[in-house]
Amino acid sequence: MAEAASTSRPRVLILGGGFAGVGAATKLADAPVDVVLVDTNDYHTFQPLLYQVATGLMETPAIAHPLRDLFHDQPNVHVRQATVSGIDRANRRVEFQDMDALSYDYLVIALGARVNFFGVDGADEHAHPLYTVEDAMRLKEHVLRRWEAADRDPALVEDGALNVVVVGGGPTGVESAGALAELYTSNLAKDYPDLPAADARITLVEAGPALLAMFKTDIQEYTARALEKRGVEVMLGESVSSIEPTRVTLSSGEVIPAHTLVWGAGLQANELASGVGVELQRGNRIAAAPDLSLPGDPHVFPVGDVAWITDTKTKKVLPQLGSVALQAGEHAGENIARLVQGKATEPFAYHDKGTMATIGRGAAVAQLKGGHTMKGKSAFLAWGAVHLALLSSGEDRAKALTDWTWAALTHERSARIVVRGTPAGRV
Ligand SMILES: Cc1cc2nc3c(=O)[nH]c(=O)nc-3n(C[C@H](O)[C@H](O)[C@H](O)COP(=O)(O)OP(=O)(O)OC[C@H]3O[C@@H](n4cnc5c(N)ncnc54)[C@H](O)[C@@H]3O)c2cc1C
């Protein structure tokens with residue numbers, strides 16, 4: 001049986017405590033509603049910096065913030081750690097694996113996205129995606145364990161123990177490849193003086209004709225050059241056809257001996273989107289109306305990566321980005337507050353602050369509104385400022401600033417350790 005919504009105040013049930021879910025809850029602070037925010041984790045994950053955890057630059061707490069802590073000053077928000085198993089719109093209730101069902105007056109679906117391996121043979125078993133804190137820790141541990149194994153048995157170097165293939169030339173692939181290259185040259189080469197670190201290969205494989213497809217040509221060329229300068233081998237017009245524990249086969253037939261494959265190539269909406277009972281868009285995303293409600297159901301708001309959101313100003317479908325998720329979540333929260341007060345909802349317009357990616361220390365690219373581009377140190381500083389602003393608390397910003405400043409001054413990555421008992425790396 002579902003726990004009934006309060007009879008006095010409407011219940012807003014928010015599924016997912018990512019950028020979109022937290023944004024929605026925050027904007028309901030002054031509304032006469034009870035908010036229940038449910039996430040399978042007890043923390044909010046800052047996905048854009050997962051690669052920094054995976055490469056030992058940042059500690060986990062800097063990118064994973066306790067959800068309950070975010071709402072200490074918002075008494076109408078109740079956080080529950082539970083895993084959603086089904087959405088029953090006909091009865092306005094949501095089911096959970098580990099908690100009684102909850103009914104709702106308004107529902108915010110902010111369950112995010114997950115990796116899409118596009119059916120590549122062996123990817124599910126052997127690839128390392130980078131979507132969760134567990135993914136980042138698993139990748140870090142796996143890489144460090146491969147170096148330790150090669151240090152004990154140098155024959156493993158020839159077998160590809162130190163080699164990494166990164167799939168996907170979008171921001172995730174570019175940032176991961178650049179960060180791994182710096183981890184290798186600045187840290188692991190010194191940690192393992194007996195290993196031929198210079199022979200370790202980091203290969204970035206992109207099926208399209210250029211890296212960072214959404215950027216202008218000068219940015220794409222700068223990115224490829226900056227990666228190559230850091231020792232990354234960039235392969236364009238090439239894709240991965242199968243993955244084994246120690247071998248990666250490309251569509252051209254080339255086989256790369258590599259014990260590590262990082263998957264940054266694609267995503268699809270959370271699998272629960274298919275239970276919402278509407279026709280899904282590309283990537284299984286749920287189409288949102290201009291006010292971000294579900295067309296035909298004004299009590300439901302799909303937002304963030306799980307949603308197919310069209311910008312009312314440009315009429316373009318918005319990309320799956322943290323800034324889009326945060327703004328859309330906030331807008332959904334504001335519209336629910338309007339509805340509760342008997343007012344009409346307003347259409348959503350995205351404020352584009354630009355798209356950015358970092359390649360390494362002092363090297364980043366940015367494409368701002370109006371097509372203006374930045375690269376190098378200025379883009380790196382802009383990237384730092386934008387990401388600090390997106391972090392969920394002042395404490396997280398302070399932690400990130402400390403880690404970045406320390407790394408910039410010393411090239412040190414103090415989090416490059418494996419703690420026994422945490423999820424072991426895949427081999
Ligand atoms: C490696 C990487 C780098 C990125 N870099 C950038 C960047 O530089 N700039 C940028 O703007 N964007 C970036 N993004 C994209 C950005 O992180 C996402 O667009 C954003 O996180 C989407 O927010 P969301 O709230 O929709 O989903 P999420 O942040 O994914 O939140 C979804 C929440 O739902 C929870 N959840 C999922 N399933 C269940 C369930 N069954 N039950 C309960 N809870 C559940 C999850 O635990 C999670 O907390 C990056 C993404 C990745 C993966």
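**Cavity.** I looked up the volume of the largest cavity in this predicted model and noted about 50 Å³. I recorded one cavity of 30 Å³ or more in the structure. A probe the size of a water molecule, rolled over the atoms, shows where empty space is left. For the lining of the largest cavity I listed Arg 285, Gly 304, Asp 305, Ala 307, Ile 309, Leu 318, Pro 319, Gln 320, Leu 321, Val 324 and Ala 325. Sorted by class, this lining comprises seven nonpolar, two polar and two charged residues.

**Open sheet.** I then traced the strand order of an open sheet and wrote down S5-S2-S1-S9-S21, five strands with parallel pairing. At the edges I found strand S5 (77-81) and strand S21 (300-302), each of which pairs on one side only. From one strand to the next I noted an average twist of 15°. Within this sheet I checked strand S1 (residues 11-15) against strand S9 (residues 106-109) and found them parallel and joined by four bridges. Ile 14 has Val 108 of S9 as its bridge partner. I also entered helix H1 (residues 19-26), which packs on the sheet and touches S1, strand S2 (34-39), S5 and S9. The direction of H1 makes about 165° with that of S2.

**Strands S12 and S13.** Next I examined strand S13 (residues 202-206). How many of its five residues are buried? I found five of the five buried, so S13 is largely enclosed by the rest of the structure. In a regular strand, side chains alternate between the two faces of the sheet. I therefore looked at each face of S13 in turn, with buried taken as under 20% relative accessible area. One side carries Ile 202, Leu 204 and Glu 206, the other Thr 203 and Val 205, and all are buried, with both faces covered. I noted that S13 pairs in the parallel sense with strand S12 (residues 164-167) over four bridges. The partner of Val 164 in S13 is Ile 202.

**Thr 260.** Val 164 led me to Thr 260, which lies in strand S18 (residues 260-263). The C-alpha atoms of Thr 260 and Val 164 are separated by 4.8 Å, although the two residues stand 96 residues apart along the chain. Is Thr 260 buried or exposed? I entered Thr 260 as buried because its relative accessibility is 2%. Leaving aside neighbours within four places in sequence, I listed its contacts as His 128, Leu 139, His 142, Val 143, Arg 146, Asn 163, Val 164 and Val 165.

Terms used: Residues are numbered from 1 along each chain as its sequence is written. This is a predicted model: local features need pLDDT of at least 70, side-chain atom pairs count only at pLDDT 80 or more; totals for chains, interfaces and linings use all residues. Side-chain values use heavy atoms; hydrogens and water are left out. Two strands pair if DSSP finds at least two bridges between them. Helices (H or I, at least four residues) and strands (E, at least two) are DSSP runs, numbered from the N terminus. Axes are lines fitted to C-alpha atoms, for helices over the stretch in contact, and angles run from 0 to 180 degrees between N-to-C directions. Contact means heavy atoms within 4.5 Å. On a 1 Å grid over the protein atoms alone, a cavity is a set of points where a 1.4 Å probe fits but cannot get out, and a pocket is an open set with protein on both sides within 12 Å along at least five of seven lines; lining residues have an atom within 4 Å of a point. Grid points are joined across faces, edges and corners, and a volume is the space filled by probe spheres set on the points. Ala, Val, Leu, Ile, Met, Phe, Trp, Tyr, Cys and Pro count as nonpolar, Asp, Glu, Lys and Arg as charged, and the others, Gly among them, as polar. Buried means under 20% relative accessible area, exposed over 50%, partly exposed in between (1.4 Å probe, protein chains only).
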